[in-house]
Every structure is written in structure tokens, then in C-alpha cells.
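Colleague: Got a minute to walk me through this one? I'd like to start with the sheet.

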Amino acid sequence: MRADRLLSIMLLLQVHRRITARELAKRLEVSERTIYRDMEALSVAGIPVTAERGTGGGLVLAESFRTNLTGLSSPEIQTLFLGRPTHLLNDLGLHQASEAALIKLQAVLPSMYRQSAEYVRQRIYVDVAGWQRPGEEQLLFLPLLQEAIWQERKISMVYQRGENTVERVLDPLGLVAKGRVWYLVASVEDETRTYRISRIQQADILDEPCTRPPDFDLASYWQRSSAAFVANIPRYVVSVRATQRALERVMHVGRFIQLEQVSPPAEDGWIAARLTFEIQEEACGYLLSFGTEMEILEPLELREQLISLAQSLVKFYAQREIVEMVPPTVEC
């Protein structure tokens, strides 16, 4: 609705004081022509907004103007009270501040909205962690990185890369949490890179302002970076035939495996499928665990490798002597 959009423009201008029509149009998902019409409507309504041309220009709200309008709808209020990733707030040292902010927000809400917010909080919880929880990450330098980002200062760090360490001077741009793993996004030598914070061995804030690309957007960068990472993951495709029970196990238990193609069951009940792994060794060990409920069709070298492994396993156990464990005799 236009009224909601006008209010959003006012609040965005109140926060940023100066913002381009292109940025407003992008954030509100309308055309720039619509933004200019909305600005004219705000001006007619007595809101002190102006347009400044040239480099560094944009749409401007007078410094003296402030509004206490909230204009929050019931669904918008409900989203504020959805379950929050508590462990991530704890990592950032913001859990208590988050709780205090929600208490203050709840205190100023009308009673009907307060009831709606509590209703949602008791019925929807967002858990960003997976079932397979990784070990606790060492986040010794996370507070220092936060401070460097807030102060817009360069950092120097020693980073563990494989078996070696490298030294870097970086322009910190942002922090990203992927599940329970924290990453630093930073610029080095005019290139944006990602560093896993748990691998930082040493870090210091430098008394030098960092350089932030004017058009850098953290969310957009992470989406592009994640997509590129997934696209470059090694792929080892295996064609198999399996029982229904085996495929159900793949779907419900398989973590580092993708089930890409499944054919209708054959007359004997077995199902042809394609599985994707990262490497051949990973595929061999995993498929061996299915015993006679899954047969490798292609590639042939993997089939031969599995046969060889099974034969060596049988030979190993056939040669082993089973020693009966007899309790020792205790003399009185």
C-alpha cells in the first residue's frame, strides 16, 4: 500500500538522512519514478524532504525533523518476536541487550499487539543449528573483529591456512554466521575474501582507517560467494540400484551425499538412482555400509574397488583367531 511505502521512505530517510532514489526503489521494490512521486507527496504533506543533485547527492530529510511514528502492523510486530538465534547473540555479546530491547518494545505496544506478539513467540521457534553439531568454534578474536568493524579500522592477523600460517593486513567489511561457524569478510589488495574466525591465530586493530567499497553489500556478497563455493565442490557421481529401505536411509541419514535421480521401482522392487559424493574414497566407504541392499553399477572402477575392499575384509577376519575371554582365577 502507498501509505506503508510513504512511511517506510520517511523512516529510511530519518535513519540515513541522505539516500538515492535508486537505493530506495531497490529496497522498496518499486520504480524510481514511483519514488519521486512519493517524495512529492511527502513534500506536499509538509515533510521537509529535498533532492540534491551531483556527486554525493540524493534525497535528503532535514536534520531537525524527527518522527515518533511507529506504524507497525500486527504481522510486522510478530516477526520481531520470532525465535532468535540465542547462541549467535551470545557470541556477539548481545543476548542481554536483545532481551532488554524486546522487553522495552513489548512495554510500549498496545495490549492487542502485545498479545499477538506473545502468541507468535510461544508457537514459532527458529533453530538455525543442524542435528549434526560441529565442535565448539574458538572465537577468541570475535569481539576484537566486531570492534574493528564498528570503528572502521584495519586489522593485522595471522591466519592458519592448512599446515601453514600467513600474515595479512585487512580491511574488515563484515561478519557472517553460517550455522554455528563465524566468518570474517574482508578486503585485501582490492579483493574481497572470506576467513574462518576459528582459524585466526592472532589479530590486532591498527590505528589506520579501513577502506570500504562504496557499493559493497554484505548479504549480496555472501550469497554470491556461497553459490560459487557450492558450484566448485568436487562431484563424484555414482549410479546404483538399491532397495527402498536403503534409499530411505540415504534421504534421512546421508549428510555428505546428494540423491539426484531416482527411477520408478523395477519388477523386483529395486530402484535405480544416482548419488553424488565429493570424492571416490568417501563414496566407497559409504556404499560399503549398505551391504547387499545397494549395488554399484557405475563407475566400474568404484565397483571393482568395493569388491576388492570386501574381499580383503573377509580375508582379514577369516585369518583372525577368536580368543575367548576367560576371567582370571583369583586365589585366596
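**The sheet and its surroundings**

Modeller: Sure. This is a predicted model. In it, 5 strands make an open sheet, ordered β7-β6-β5-β4-β8, with antiparallel pairing.

Colleague: Which strands stand at the edges?

Modeller: β7 (191-196) and β8. Each has a single partner strand, so one side of each has no neighbour in the sheet.

Colleague: And how many degrees does the twist average?

Modeller: The average is 45 degrees from one strand to the next.

Colleague: What packs on the sheet?

Modeller: Helix α8 does, touching β4, β5, β6 and β8. Its direction makes about 75 degrees with that of β5.

Colleague: Let's go through the pairs. How many bridges join β4 to β8?

Modeller: 6 bridges, and the two strands run antiparallel. Y159 has I200 in β8 as its bridge partner.

Colleague: Over how many bridges do β4 and β5 pair?

Modeller: 7, again in the antiparallel sense. M157 is bridged to R168 in β5. The hairpin of these two strands has 2 residues between them. There, G162 takes a positive phi near 65 degrees.

Colleague: What about β6 and β7?

Modeller: They run antiparallel, joined by 6 bridges. V185 finds its bridge partner, T194, in β7.

Colleague: Switching topic. Which residues of the largest nonpolar core touch the most other members?

Modeller: L170, L175, L184, Y195, I197 and I200, out of 21 residues in that core. At least two core residues come from each of α8 (142-151), β4 (153-161), β5 (164-178), β6 and β8 (200-209).

Colleague: Is there a general pattern behind that sort of grouping?

Modeller: Nonpolar side chains tend to be buried together in soluble globular proteins.

Colleague: What does L184 touch, leaving out residues up to four places away in sequence?

Modeller: With those left out, L184 touches L145, I149, I155, L170, P172, G174, L175, R193, T194, Y195 and I197.

Colleague: What other core lies apart from the largest one?

Modeller: One of 20 residues. Its members include V240, A246, A283 and M294.

Colleague: Last one. Where is S187?

Modeller: In strand β6, which covers residues 181-188.

Colleague: Buried or exposed?

Modeller: S187 counts as buried, because its relative accessibility is 8% and the cut-off for buried is under 20%.

Colleague: And which residues does S187 touch, again skipping those up to four places away in sequence?

Modeller: L170, D171, L173 and T192. L170 turns up in the largest nonpolar core too, and L184 touches it as well.

Methods: Residues are numbered from 1 along each chain as its sequence is written. This is a predicted model: local features need pLDDT of at least 70, side-chain atom pairs count only at pLDDT 80 or more; totals for chains, interfaces and linings use all residues. Side-chain values use heavy atoms; hydrogens and water are left out. Helices (H or I, at least four residues) and strands (E, at least two) are DSSP runs, numbered from the N terminus. Buried means under 20% relative accessible area, exposed over 50%, partly exposed in between (1.4 Å probe, protein chains only). Contact means heavy atoms within 4.5 Å. A nonpolar core is a set of buried Ala, Val, Leu, Ile, Met, Phe, Trp, Tyr and Cys residues joined through side-chain atoms within 4.5 Å. Two strands pair if DSSP finds at least two bridges between them. Axes are lines fitted to C-alpha atoms, for helices over the stretch in contact, and angles run from 0 to 180 degrees between N-to-C directions.
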